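Subject: Model for your review

Dear colleague,

I am passing on the model that we spoke about, and I would be glad if you could look through it at your convenience. My notes follow directly after it.

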Amino acid sequence: MIFYILRRILYAIPIAFGVSVVCFSLVYIAPGDPLQTVMPPDATAETIAIVKHAYGFDKPLPMQFVIWLGRVVTGDFGLSIATRRPVFLEVTDALANTALLALFAAPIAFFTGYAMGVIAGCFPGRWVDRLVTGAAVMGVSLPNYWLGIVLVIIFAVQFMLLPATGMGPNGSTGFRIFEWSSARFLVLPVITLAMIPIGILARTTRAAVAEVRNQDFVQTLRAKGLSEWAVTRHVLKNSLPQVMAVMGLQFGYLIGGSILVETVFTWPGSGFLLSKAIINRDVPVLQGTILTLSLVFVATNLVVDLLQSLIDPRIRRG
Amino acid sequence: MADIVTLDRPLDVFAEQAPPATRVRGYWQSVFYRLRHDPVTLVFGAVVLAIVLAALSAPLIAPFDPYKESIIGRLKPFGWGGHLLGTDELGRDMLSRLLYGGRVSLSMGVVPVLFATLIGGMLGVIGGFAGGRVNTAIMRTMDVFYAFPSVLLAVAIAGAMGGGIGNGMLALTMVFTPPMCRVAETATTQVRSLDYIEAARASGASTAMIIRYHVLGNVLGPVFIYASSLVSVSILLASGLSFLGLGVRPPTPDWGLMLSTLRQSIYVVPLVCAVPGVAIFITSICFNLVSDGLRAAMDVRM
Amino acid sequence: MAAVIAQIPVLDPRDCGGPQQPLLIARDLRKHFPVKGARGKSVQAVDGVSFTVRKGETLGIVGESGCGKTTLARLLLHLVVPDAGELVFDGDAVNAPDGLSVNALRRQVQMVFQDSYSSLNPRMPVRDSVAFGPFIQGKQKPEARELACDILAKVGLDPDLFGARYPHELSGGQKQRVNIARALATGPRMVILDEPVSALDKSVEAQVLNLLRALKRQLNLTYVFISHDLNVVRYISDRVLVMYLGRVVELGPVDAIFKDPRHPYTRALLASRPSMDPERRIEEPPITGDPPNPIDPPPGCRFHTRCPFAEAVCEATDPTLELWQGPESHIASCHMRDPGSGHSQAGNA
């Protein structure tokens, strides 16, 4: 069992390495001189030469990668071109805000999606099933940034109930979760973010539950005289690992894929940071954010895999 | 144990008594049969067709020039001055821009999936059939790209390369190739271990022949089903990229880009601003439902 | 008179060497599969198997699951490359520089597989599956299809009724006929049948076996028939080879093997067949225990862990197969048969 854990962790290392290679090479697939991406356009020739040497752009590519990797591992992502602050600080600040969204959106999405899927799966073919499946398809086909805009139109523009953008009167530093004045800014982004995971989870759960219900052992349980409710509990327990895997993946998406929603609501999270960096061509921030987000995603997948092996004894054996 | 077999009519004695011949249906025929009797898929398939035709024939049916601006006619609501769906922030007709924008959005939805199917499918079949180290090498490389959430990867690549429709398509192709490769590899591996592949080898067939006649036919099904389900995702992602400014450049109409530029104006004409999103939503749903129907028709255990 | 005429073998134009030359000689075939993860260890599937097959005979190969029969079958067609040993087909060494190439071998030897479900491409009509072999070997598609229809008729399936059908529209017995047709489509001289009737109902099994016998006669074939079912092997074979854990333990004419089994394993196998006859009591002690792991076979005689007659010498040294002195000889690989082995029963059994 311990071997499985170690093997799984060991497996994540080359993936992380591959991820860092991809992030590193982003700079080089960008059009233009990579040096210009880290320098403001009005730098003098001497500054350019100094920076070139300091960043190591005059060395061969593999060397540059190693240098970059060395810096990254110690937390030095360079300085943001736009704000001159260390990228590391910018990313971690932004990530905290994104995590806030994710922490609220995840339980809502998981609970709603799971409940919908279970109900649909237990009554396949009936109107409940059709309703849930239809809603799930709609959820999955939704451009979530558009939903955000629509919700803003309804709640902020028409009825003026909730704020349209931003993180509150005090900004991200002064955010008070338990006060409505701040917390009201959470409502729309969280709902928007949760839509697609709800759809995906409802679908997955429904499929898993329906599949498990069709298995022979369920008939055996009924034949043994178990009540329908007890049978359902068994079914849920057996379908859980499959669903959990998807939940974990969705949590990763909530953190890594929130860029669109955050842009709509101007929520100062890592996704918004990324879109600003794209507009400003702020490559250190671009690199740093992408690297951090994807590593978080890898770590999340790792944790989910390990949790899954704890729950599903079949995986443990090998 | 005397044999009563003679040289003249040796084997009639073993002839199978077949039941009266039923209408024999091949695999593809049965797929079409199921599709023909599936109303939901047919209806939405028709809608998809309508959308595609409308986009293709935009130059013919668009009421106005999508690029023609008008200073006085900005942000007008539905129906104003002949503009069925109103006008945008520069006074251009929304309906015409939707039709022309459909061409961009649809092609950015379909083309990356096409390329990803070709490239990923090929890699997956090669890996699945070769097995061993080749397979491991291919799949591990794909795993690295799997480690990125798809939105992030698309944004990263498109963002780094500077946006534009070509880069956007390239980014999306790279996002979809790993999952397609995985689907093809799984299907190929399953088929590869079956006896009829061994029998084909025993007949003396080369690897290329075996893949062409025995493997592809059985792998194409799952690959096609998966590809059809990717189209709706691709349309969403593509318009997402345009929304962030990573797709086509203005003034070219594109649904995602339109949504982005109209965002400032939601306080003025909210309904008009929501229209491009409706287009994306409807197109995506239709593709989704059609792909579901295709899966139901094709994924039958024989 | 017709029956006599039917028995005169017609010489195949590809024949070289005449009826005296064995069609297939297998010498010391060896195949070990490395075990994933455990370095150095391997599954010793086939470990030094030698036998000959005469033209026109049916050699039955019997053994429990895991004794290496299927691997052996695949070795004979070079679907699996042997680690050691050689094959000689009608006088030509296979895969040797001046002998028969593997492709040429596959034009003369074909195989019928066990699992009728997975041995046919579900997306191909049956006629095309049968025509695939001739098509690969150079015929044009229409010609290959016609050939397929002929063969289908020969195995008792009317090509007009069955040709266009898909495998899922056929019963188990019909599918196996298709497999047989596919094997025969390229005109082989020898057919290896790997458990061809194991998955069929008994009544269908009898039909297929009779069909195989008739086909052999009509098309001048040689069979290697692999099975775990002793009754089937007895019905169809001329000679029988008994395998245990990758090795040959006994070889001889079918009647001799069944009436006078000489290896303790063969004796136990035969004795374990259930019988309805109260007169036929089981006198031999039954086999005890499970078959050993082919990754770690027991030292010495591989059967000694389950043999009721095992002694110290059985664990110490490998018994050798007695010298093969001709098609009628009945030999076993057991210390009890070898007078000089040191076994207490040597020379008596």
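**Sheets and helices of chain C**

Helix H2 of chain C lies across strands S1, S2 and S4 of that chain, running at about 60° to S2(C). Here helices (H or I, at least four residues) and strands (E, at least two) are DSSP runs, numbered from the N terminus, while axes are lines fitted to C-alpha atoms, for helices over the stretch in contact, with angles from 0 to 180 degrees between N-to-C directions. This is a predicted model, in which local features need pLDDT of at least 70 and side-chain atom pairs count only at pLDDT 80 or more, whereas totals for chains, interfaces and linings use all residues. Residues are numbered from 1 along each chain as its sequence is written, and chains are lettered from A and ligands numbered from 1 in the order in which they are written.

The strands that H2(C) crosses belong to an open sheet of 4 strands in chain C, with the order S2-S1-S4-S5 and antiparallel pairing; two strands pair if DSSP finds at least two bridges between them. Strand S2 (42–53) and strand S5 (92–93) of chain C stand at the edges with a single partner strand each, so one side of each has no neighbour in the sheet. Within this sheet, strand S1 (residues 24–34) and strand S4 (residues 84–89) of chain C are joined in the antiparallel sense by 5 bridges, and C:Leu24 stands opposite C:Phe89 of S4(C).

Chain C also has an open sheet of 7 strands, with mixed pairing and the order S6-S7-S8-S3-S9-S10-S11. Its edge strands, S6 (109–112) and S11 (331–332) of chain C, each pair on one side only. Helix H2 (residues 69–76) of chain C packs on this sheet too, touching S3, S6, S7, S8 and S9 of chain C, and its direction makes about 155° with that of S7(C). Helix H7 (residues 172–184) of chain C touches S6 and S7 of chain C, with its direction at about 170° to that of S6(C).

**Chain B**

Chain B has 11 helices and 0 strands. Of its 302 residues, 49% are buried, where buried means that 20 or more other C-beta atoms, placed from the backbone, lie within 10 Å of the residue's own. Helix H8 (residues 195–202) of chain B is mostly covered, with 7 of its 8 residues buried, and these pack against helices H7 (165–192) and H9 of chain B, together with H3 (102–108), S6, H4 (126–136) and H7 of chain C. Just after H8(B), B:Gly204 takes a positive phi of about 100°.

Which residues does B:Ala154 contact, leaving aside its neighbours within four places in sequence? They are B:Ala171, B:Leu172, B:Val175, B:Leu237 and B:Leu241, a contact being a pair of residues whose C-beta atoms, placed from the backbone, lie within 7 Å.

On the interface, 34 residues of chain B are in contact with 38 residues of chain A. The largest share of the chain B side, 9 residues, comes from H11(B).

**Confidence**

The mean pLDDT (the predictor's confidence in each residue, from 0 to 100) of chain B is 83, and 90% of its residues reach 70 or more. Over residues 1–10 of chain B, however, the pLDDT is below 50. Where pLDDT is low, the predicted coordinates should not be read in detail.

With best regards

Conventions: Two residues are in contact if their C-beta atoms, placed from the backbone, lie within 7 Å. A residue is buried if 20 or more other C-beta atoms lie within 10 Å of its own, exposed if 12 or fewer, and partly exposed in between; C-beta atoms are placed from the backbone.
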